[in-house]
Structure formats: C-alpha cells, structure tokens
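Reader: I'd like to go through this structure with you and ask how its labels are earned. Could you start with the core?

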Amino acid sequence: GITEAEREAFELLPDDERQCDKCKTTCFLSALACYECPERLVCLYHIDDLCNCPPNRHYLRYRYTLDELPAMLHKLKIRAESFDTWGSRVKVALEMEGQQKSSKEWPYPFRGVVLRGLDPTPDSSTDGL
C-alpha cells in the first residue's frame with residue numbers, strides 16, 4: 001500500500017495542476033500522486049485510476065495534518081455560529097423596523113418601498129424609487 005506522504009499547499013497551485021485526472025474535481029485537502037508519473041494526480045475516490053505503477057511508488061499529498069484538523073473545525077464552527085447569530089439579529093432588526101413602518105399605513109405606491117426597507121417619507125432621498 002501507500003506508505004509515504006508529502007505536505008502540499010494546494011491553494012498555491014494553479015487549478016489545472018490540482019485537478020483529479022479522472023473526475024476533474026479540484027483537490028483542496030488531499031490527493032494521490034506517483035513518483036514515476038509526476039504529471040498525474042487523483043482525488044482519493046479515484047486511487048485505482050492514478051496509473052499502472054506499483055502502489056509502493058504512490059504517495060499521499062495532504063494539506064493539513066490530523067492534529068491540525070480539530071482546531072480548524074472548531075474555528076470554523078465558531079465562525080458559522082457567529083454568522084448565525086448575526087443573521088438572527090438582522091432578522092429581528094428588520095422585523096422590528098417593518099412593524100414600526102407598517103403601523104403608519106403607507107399609501108399604495110409606497111407599500112412595496114416600505115417592504116424593501118426604504119424610507120418613503122417626502123423629505124427622504126428618492127434613490128430607490
């Protein structure tokens with residue numbers, strides 16, 4: 001089997017140099033390569049399609065170590081949660097603003113403007129109208 005690995009900063013490679021030769025997907029985290037066929041690269045789904053060289057000539061190219069992945073996952077989770085929190089706050093703010101403006105009962109031409117969050121008062125800018 002494959003016993004060697006090499007760290008690779010995939011994001012520094014041009015897209016065409018990090019595409020799976022079989023399915024053409026762009027490899028971001030890992031890929032399989034061969035010492036005898038350096039122009040070939042496949043994703044981990046297509047390891048059998050790399051080349052006809054013996055498996056001991058194949059090696060894994062990876063971006064991050066297994067020790068680095070949990071910390072990255074934790075940071076990603078925090079960022080995703082902060083986005084969810086921000087989205088919830090924006091939704092509440094927009095709902096509050098909509099409730100305040102709808103109580104004024106705008107005339108027909110301005111109702112759509114109010115729903116889009118623009119201020120249809122006569123002294124306001126008419127950029128959105």
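Author: Gladly! The largest nonpolar core has 16 residues, and those with the most contacts inside it are Cys27, Cys34, Leu50 and Cys51. Strand S2 (30–34) and strand S3 (41–42) are the elements that give two or more residues to this core. S2 gives the most, with four residues. This is a predicted model, where local features need pLDDT of at least 70, side-chain atom pairs count only at pLDDT 80 or more, and totals for chains, interfaces and linings use all residues. Residues are numbered from 1 along each chain as its sequence is written, and side-chain values use heavy atoms, leaving out hydrogens and water.

Reader: What makes a set of residues a nonpolar core?

Author: The set holds buried Ala, Val, Leu, Ile, Met, Phe, Trp, Tyr and Cys residues joined through side-chain atoms within 4.5 Å.

Reader: Why is Cys34 called buried?

Author: Buried means under 20% relative accessible area, exposed over 50%, and partly exposed in between (1.4 Å probe, protein chains only). Cys34 has a relative accessible area of 1%, so Cys34 is buried. Cys20, at 0%, is therefore buried too.

Reader: Why is there no bond between the sulfurs of Cys34 and Cys51?

Author: A disulfide needs a pair of cysteine sulfur atoms within 2.5 Å. The closest cysteine sulfur to that of Cys34 is in Cys51, 3.6 Å away, so the two are too far apart for a bond. For Cys20 the closest is in Cys23, at 3.7 Å, also too far. A search of the whole structure finds zero disulfides.

Reader: And why does Phe83 count as exposed?

Author: Phe83 has 52% relative accessibility, so Phe83 counts as exposed.
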